[in-house]
Amino acid sequence: MQIPFHSSERASLGVEWELQLVDRETGELTSGATEILAEITPEGLAEHPKAKHELLQSTVEVITGICTTVAEAKADLAGTLAEVVAAADRRGLDLMCAGSHPYTRWDTQEISPKERYAELVERMQWPARRLQIFGVHVHVGVRSPDKAMPIVNALLQYVPHFLALSASSPFWSGCDTGLASVRTKVFEGMPTAGLPYQLTDWAGFEEYMGTLVAAGAIESVREVWWDVRPHPDFGTVELRICDGLPTLDEIGAVAALAQCLVEQLDTQLDRGYTLPTPAGWIVRENKWRAVRYGLDAQIVVDEQGTVAPVREALAELVEELLPTARKLDCEAELLDVRRVLAVGGSYQRQRAVAAAHDGDLHPVVDSLVAELRDGLPTPDDGVGEPR
């Protein structure tokens, strides 16, 4: 099976952001995507170029065009967000983002009226129906298919970094799960989701995808939802590991981290280096530790079982990537990783709000709506007020 890789400009950037529509009075996830998207779609177009349906009617996905810098990507998202916010406001709906909704039950949600979603639910049943989860995906351009799989494999050592930094789903159906990212475990219920197979080259990727199609496991490459994957149509490496991020500040931090890492790995390939492929057991263990403990995780750093705090690993990674960030004009956004470390990850901020209101999760929704509107809080900010 031949899969053309439509090469992109090196280190070009694209971001996809899945937003939740919530009722202003109850805070519950509420259908409204079809009406909102119909209202904001320019006349003469079948759909909005940068706002899309997702699986649930209570979700609108906003996407960027092809960007050069992280600042450009953030501005692109902000422009589309403003359109969606205005249309939602006219319907008594607010917007927020997190990996999960704190208390809405998944079995109350309507599926979007798209044939491919109906087919997905029919084929997958319960694992698909309960996908009341929200993420952020970052694409970074790669010029050659020969580089795609080595970069995907090398990025696996940073799965816990991205997941710990973005973890924002401690609650599920009104319960504290004890996890930093329940979204990750819900999504792993899908048969082609989770960590990628470590394939050595593009020919190996084509062969594996061809086998899946021949076996009837998938109909197209689009149905392989790995945490890190090549995207042949866009000519990118796509990081899908992150939970939904409540603020553009956090999106910028994650996008800068991704863009700098891919650029650094690309440069190392140009210099003739062989990129590292981490041991599978380490990748799986570290992903679990980030799911469970978030920014408090102790991650495995070598095959002898040595561990180190993921906070320290993130701080060191930012320092290492600063020269690349200056070259890519995303130094300010990369340094926002430090802001997240200082104020706490979203899962920590949500739990703090719940604790301050005797476990009531409605103020958690209020705080997420406020963060999307106002940006990342500072360490001195208090928690939100109850409804």
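A search of the whole structure finds 30 salt bridges. The structure is a predicted model. Side chains of opposite charge can pair when their charged atoms come close. Three of the pairs are set out below.

| Salt bridge | Closest N to O distance |
|---|---|
| Arginine 105 and aspartate 107 | 2.8 Å |
| Glutamate 188 and lysine 287 | 2.7 Å |
| Glutamate 285 and arginine 289 | 2.7 Å |

**Charged pairs**

Start with arginine 105 and aspartate 107. Arginine 105 has a relative accessibility of 45%, so it counts as partly exposed. Aspartate 107 is partly exposed too, at 43%.

Now take glutamate 188 and lysine 287. How many residues apart are they in the chain? The answer is 99, so this salt bridge links distant parts of the chain. Glutamate 188 sits in the loop between helix 7 (182–187) and strand 8 (193–194). Lysine 287 belongs to helix 10, which covers residues 280–293. Is lysine 287 buried or exposed? Its relative accessibility is 3%, and the cut-off for buried is under 20%, so lysine 287 counts as buried. Glutamate 188, at 29%, is partly exposed.

Helix 10 also holds the pair glutamate 285 and arginine 289. These two are 4 residues apart, so about one helical turn separates them. Glutamate 285 is partly exposed, with a relative accessible area of 27%. Arginine 289 is partly exposed as well, at 22%.

Salt bridges can also join into a network. Arg10, Lys147, Glu263, Asp266, Asp270 and Lys327 are linked in this way.

**The cavity**

Rolling a probe the size of a water molecule over the atoms shows where empty space is left. Here the count comes to 1 cavity of 30 Å³ or more. The largest cavity has a volume of about 50 Å³. Which residues line the largest cavity? They are Arg183, Thr184, Phe187, Glu188, Gly194, Asp227, Arg240, Ile241 and Lys287. Two of these names are familiar: Glu188 and Lys287 are the partners of a salt bridge described above. Two elements, helix 7 and strand 11 (236–243), each give two or more residues to the lining. Helix 7 supplies the largest share, 3 residues.

**The nonpolar cores**

In soluble globular proteins, nonpolar side chains tend to be buried together. The largest nonpolar core in this model has 113 residues. Which residues have the most contacts inside it? They are Trp17, Leu155, Phe162, Met190, Phe205, Met209 and Leu257. Helix 9 (residues 248–270) gives the largest share of this core, 11 residues. Apart from this core lies another, of 14 residues. Its members include Phe134, Val353, Ala354 and Val364.

Look more closely at Met190. Leaving aside residues up to four places away in sequence, methionine 190 touches Leu120, Met124, Pro127, Ala128, Leu131 and Trp225.

**A threonine in a loop**

Where is threonine 69 found? It lies in the loop between strand 3 (59–63) and helix 2 (70–89). Threonine 69 has a relative accessibility of 17%; the cut-off is under 20%, so this residue counts as buried. Its side chain reaches the backbone nitrogen of glutamate 72 at 3.1 Å. Threonine 69 also touches Leu13, Leu328 and Asp329, not counting residues up to four places away in sequence.

Conventions: Residues numbered from 1 in each chain as written. Predicted model: local features only at pLDDT ≥ 70, side-chain atom pairs only at ≥ 80, totals over all residues. Heavy atoms only, no water. Core = buried A, V, L, I, M, F, W, Y, C linked by side-chain atoms within 4.5 Å. Buried < 20%, exposed > 50% of the residue type's maximum accessible area, 1.4 Å probe, protein only. Contact = heavy atoms within 4.5 Å. Salt bridge = Lys/Arg side-chain N within 4 Å of Asp/Glu carboxyl O. Polar contact = N/O pair within 3.5 Å; in protein donor to acceptor, adjacent residues only side chain to side chain. 1 Å grid on protein atoms, 1.4 Å probe; cavity = no way out; pocket = protein on both sides within 12 Å on 5 of 7 lines; lining within 4 Å. Points joined across faces, edges and corners; volume = space filled by probe spheres on them.
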